[in-house]
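Got your viewer open? Here's a short walk through the charged side chains, one selection at a time.

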Amino acid sequence: MEPTQSRRNFLRGGAAASVASIAALAGCMTFDGGSSLGEANPANATSNIDTEVSTAIDPAAYEDRFSEVVDITDDPYGADPSGEDPIDEALMLAWEDDTLIVFPQGQYKMTQSFRRTGWRDVGLIGQNAVIRHGDVETIRGHTVDEGEYRGGTMLFQIGTANQPHQGELIFGGFVFDWARENAGMRGLYAMIGDRAEIRNIAFNGVHDLGTHGNMRVATMAPDAFALVDSIDMSGGGMHYTDTINTRETENYDESISEGGFGQSWSTTGIAGHPSMSGTALFQNVICGPWPDNGLYVQGGGRQIVRNCIASNSGTSNIRFNHTDDWEPIPEIDENEEGELTRDGPYGQSTVEGSVVLIDRMPPGVHDAQRSIWHYAGEGVIRDCKITIAHESESGGAAGNFAIGTRSGVTESIIENCRISLLEPADAFYSGTSAPVTLRDVDIVAEGWDAGSSPASVMGGQTPSLESVTLNGSS
């Protein structure tokens, strides 16, 4: 697949273009920290993370990529921007190959899932366009049985794992309205076979239907690339047992739990896919608290999480892995000589420049959280800030820890990170005997006796320590 100029325009110089440089922005939502730390919130002290997420995109920034640009409120589509009449038929009529579909500012109601497979080069962009689903009266699992909305709980479902979307997909400039009672579905499910740019999206309110979390985005070819940028889902979601959802299964094998216990399978902020390959970059995402994982981007290929904030999600706040099923791409891997290389700064899955906060548990069944969890394969965690201000009833592998590795990890490097332990917790827990190195990591423990050396706040297998301190002592 030959790289085109439009593909190169996604990213330049190893950094994404700012939202302001690509869009005329008319509105935004502001992150309030997602925790009770207030002014002490580490998110307030970082200069790399934009905590204002704009919810508008200027069509002029993208119209030269498509042969047709249509306004979904114009004839013959006739979508109602008042939110009274559903737009389901207008969407089906407007969706065509090589078409940019524009949603002017307004409110748009969907009463069924919009699923499209087999098309290519399509854009859906809004200008502070509010998307909401019709009223839900009863829901079981991931299907609405009664109400104005009916059927599966994925609003926009683009491509499948076996037949991913081809060409470009541009999606964003939307506010998904979860602020009403009994609202919250998967806003976007996108399987990408080529290129996707998904940005400027806010999920307003708490996801409280106990079904699929807000987004699932996955690249499905080794040379595919998806950019997910400037997403606010800080409202998080509720565990299904606290919603009107009547799902009863605890496990994927459909076994029934006693007393409605059960895990909140798939009620995750952002999810990847087990069959992923290629490269997915998540940046400027604000996530949490969710009853299950927050940024659960693992699956396959290469995942990059950059300049994100995650807080108070069950199981883990950022969870990633790595496989070799990816190819270098010009957006990320082009060196100064114009060559594509696997040896650059993102030659492996990476979590970079991100902030994680744990100061309470989300509603649900978990009693501990992992801040950043490297699950399998190669990985680098660098330039991150982590604060734990909540003590778990459990310890070790089952308790809170700032950074952890699992048994499937083949090599992990953690460098230039700062970890603040305001309650008893491990700064690091290793579940692998593979090489793990902590380098230039400062650990600060306040308000409790953490011991005198970094090893006293580490569990599991022993990593290599290079310039690692606890309260200034190595």
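Is aspartate 194 buried or exposed? Select it and take a look, keeping in mind that this is a predicted model. Aspartate 194 counts as buried, because its relative accessibility is 5% and the cut-off for buried is under 20%.

Next, add arginine 195. Its side chain forms a salt bridge with aspartate 194, with 3.7 Å between the closest N and O atoms. Arginine 195 is buried too, at a relative accessible area of 3%.

Stay on arginine 195 and bring up glutamate 331: these two side chains also meet in a salt bridge, 2.7 Å from N to O. That pair ties together distant parts of the chain, since glutamate 331 sits in helix α4 and arginine 195 in strand β17 (residues 195-204), 136 residues apart. Glutamate 331 is buried as well.

Now slide along to aspartate 333 and show arginine 302. They form a salt bridge whose closest N and O atoms are 2.7 Å apart. Here helix α4, home of aspartate 333, is linked to strand β22 (residues 302-306), home of arginine 302, across 31 residues. Both ends are buried: aspartate 333 has 4% relative accessibility, and arginine 302 has 0%.

For a bigger group, select Arg65, Glu168, Glu197, Arg199 and Asp229, which salt bridges with shared partners join into one network. The structure holds 14 salt bridges.

Last stop, the surface: pick aspartate 324, in the loop between β24 (315-321) and α4 (330-333). Aspartate 324 is exposed, at 56% relative accessible area. Add Asp325, Glu327, Glu378 and Glu411, and together with Asp324 you have a negative surface patch.

Methods. Residues are numbered from 1 along each chain as its sequence is written. This is a predicted model: local features need pLDDT of at least 70, side-chain atom pairs count only at pLDDT 80 or more; totals for chains, interfaces and linings use all residues. Side-chain values use heavy atoms; hydrogens and water are left out. Patches are made of residues with over 30% relative accessible area and no salt bridge: like charges are joined within 9 Å, nonpolar side chains (Val, Leu, Ile, Met, Phe, Trp, Tyr) within 5 Å. Accessible areas come from the Shrake-Rupley method with a 1.4 Å probe; for residues, only the protein chains shown count as cover. A salt bridge is a side-chain nitrogen of Lys or Arg within 4 Å of a carboxyl oxygen of Asp or Glu. Lys and Arg count as positive and Asp and Glu as negative; His and the chain ends are not counted. The place of a charge is taken as NZ of Lys, CZ of Arg, CG of Asp or CD of Glu. Helices (H or I, at least four residues) and strands (E, at least two) are DSSP runs, numbered from the N terminus. Buried means under 20% relative accessible area, exposed over 50%, partly exposed in between (1.4 Å probe, protein chains only).
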